[in-house]
Amino acid sequence: MTFRHDITLASTAAFPIRAKGGVSPNMALGPMPTRPALLIRIEDIDGCFGWGEVWANFPPRANLHKAHIVEDIVAPYLQGARFVEPREIGAFLRKQLSIYFLHVGQLEVFEHILAGVDTALWDLALRKAGRSFAEFMELSESSAQSYASSINAGDLERLIPYHASLGQTYFKLKIGFSEQGNRKLVERAANLCPGGSRIMVDSNQSWTLETAKETLGKLEDLSPYFAEESLPANAPLAEWEDLASSTGIPLAGGENIYGIENFFAMANAGLQILQPDVAKWGGVTGALDLVRTMPRGTYLWPHFMGTAVGQIAALSITAVLGEISSCEVDVNENALRTELCGDIITVKNGRVNLPSEPGLVMPPVSGRLANFRDSRDSGPMAETPLNGLS
């Protein structure tokens, strides 16, 4: 499972987009009144292209900030760069730009951009090879198990039964807004779950060690499948170890962990469910490296909340792992997931099919990318031809 084509890159374009309306997931981190996103498109000298997604949910105009960085700093280094394996470009950019991003205090932003670049290069390389991801990885099943995520408190009675009817058996709730209400919310959700289904909880790094111990202690009898980000990702490892030893609820996290060595450290401290985000760290290459080296006793369930481009990339990682993994799919209305690339994130029997065409992801449907253009920035969309749109 290696690429063989020597690819020379010609151009890179950033596309900051935004969906208004829809339904915002309620979370302790803060409101999300619109859905900002950043896509990148990389083309080689033969006109073959690839699409990727850079994490940009927060702050509200993160997509614009990162688009400018891609255009001003990263794109010039990509022009004329050559690779066979996508990881080669990641190593090249780290060598050329790590000190720059250290100097300007944007190392994590650099990781987000590298992740989006890697996904775009996977898409490009697979198109060049004329193979889908499932074909390239020699998967026996070209679909991935999914779970229903970010169900708002007011939608429990409607969305849990609905998603259960789609075959999903795991349902994740955002908690941590009011410590007095967490027990009641999780109990309501658990009572709505059909037999064999499980609830998970996510507090988005909002608790101290003492609050996490107290709150999870009150939820133990409801048997959540995992508790996500019960502490800040940068909390001392000793605190993670203390929390893990104090609860029977498995601990999960990963969307704010950067680097395999840090995933290993967190796993050794008690993290059982690893949740890398392909748009935030590592891209497809990093996630697959983690799959191949996972510490004993851990599971990998990809994190994701964004557009259909990154969602398919995340689902692809779950497809590699098979039945021991499930990929997060937001239940809330988001046109960037359901309209931008067409109706491709369709859950049936709890699973989502991967694209069967050459490439990793489905490109935006012709004309729709401009419909979601972030009007507060002229960006490249007014001047960059959208060649390769389906």
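## Exercises on a predicted model

Look at the loop that runs between β3 (49-54) and α1 (62-78): Pro59 sits there. Keep in mind as you work that this is a predicted model.

**Exercise 1. Work out what kind of peptide bond joins Phe58 and Pro59.**

Step 1: Find Pro59 in the loop between β3 and α1.
Step 2: Check omega for the bond from Phe58 to Pro59, which is about -15°.
Step 3: Name the bond: this one is cis. For background, most peptide bonds are trans.

**Exercise 2. Find where Asn204 and Ser223 are, look at phi for each, and decide whether each counts as buried or partly exposed.**

Step 1: Place them. Asn204 is in the loop linking β7 (198-202) to α7 (209-219), while Ser223 belongs to the loop between α7 and β8 (227-228).
Step 2: Read the angles. Asn204 has a phi near 50°, and for Ser223 the value is near 55°. Both signs are worth a second look, because most residues other than glycine have a negative phi.
Step 3: Check Asn204 for cover. Its relative accessibility is 8%, so it counts as buried; the cut-off for that is under 20%.
Step 4: Do likewise for Ser223. Here the value is 39%, so Ser223 counts as partly exposed.

**Exercise 3. Which residues does Leu315 contact, leaving aside its neighbours within four places in sequence?**

Step 1: Locate Leu315 in helix α11, residues 308-321.
Step 2: Test its cover. Leu315 has 0% relative accessibility and therefore counts as buried.
Step 3: List the partners: Ala144, Gln145, Cys327, Ile345, Val352 and Leu354.
Step 4: Pick out Ala144. It is 171 residues from Leu315 in sequence, yet their C-alpha atoms are 5.8 Å apart in space.

**Exercise 4. What does the patch formed by Ile99, Leu102 and Leu107 look like?**

Step 1: Describe it. These three residues make a nonpolar patch on the surface, and together they have about 300 Å² of accessible area.
Step 2: Zoom in on Leu107, which lies in helix α3 (residues 107-129).
Step 3: Classify Leu107. With 35% relative accessibility, it counts as partly exposed.

**Exercise 5. How many salt bridges does the count come to, and how do Arg127 and Asp123 pair up?**

Step 1: Recall the idea: side chains of opposite charge can pair when their charged atoms come close.
Step 2: Take the total, which is 22 salt bridges.
Step 3: Check the pair. The closest N and O atoms of Arg127 and Asp123 are 3.2 Å apart, and the cut-off is within 4 Å.
Step 4: Ask how they sit along the chain. Arg127 and Asp123 are four residues apart in helix α3, which means about one helical turn separates them.
Step 5: Look at cover. Arg127 is buried at 18% relative accessibility, and Asp123 is buried too, at 0%.

**Exercise 6. Decide whether Asp155 and Arg158 are buried or exposed, then look at further salt bridges.**

Step 1: Note the bridge between Asp155 and Arg158, whose closest N and O atoms are 3.4 Å apart.
Step 2: Sort the two ends. Asp155 has 17% relative accessibility and counts as buried, whereas Arg158 has 53% and is exposed.
Step 3: Turn to Asp330 and Arg337, whose side chains form a salt bridge at 3.8 Å, N to O. Both Asp330 and Arg337 are buried.
Step 4: Finish with a network of salt bridges, which links Lys172, Lys174, Asp202, Glu228 and Glu328.

Technical notes
Residues are numbered from 1 along each chain as its sequence is written. This is a predicted model: local features need pLDDT of at least 70, side-chain atom pairs count only at pLDDT 80 or more; totals for chains, interfaces and linings use all residues. Side-chain values use heavy atoms; hydrogens and water are left out. Helices (H or I, at least four residues) and strands (E, at least two) are DSSP runs, numbered from the N terminus. Buried means under 20% relative accessible area, exposed over 50%, partly exposed in between (1.4 Å probe, protein chains only). Contact means heavy atoms within 4.5 Å. Patches are made of residues with over 30% relative accessible area and no salt bridge: like charges are joined within 9 Å, nonpolar side chains (Val, Leu, Ile, Met, Phe, Trp, Tyr) within 5 Å. Accessible areas come from the Shrake-Rupley method with a 1.4 Å probe; for residues, only the protein chains shown count as cover.
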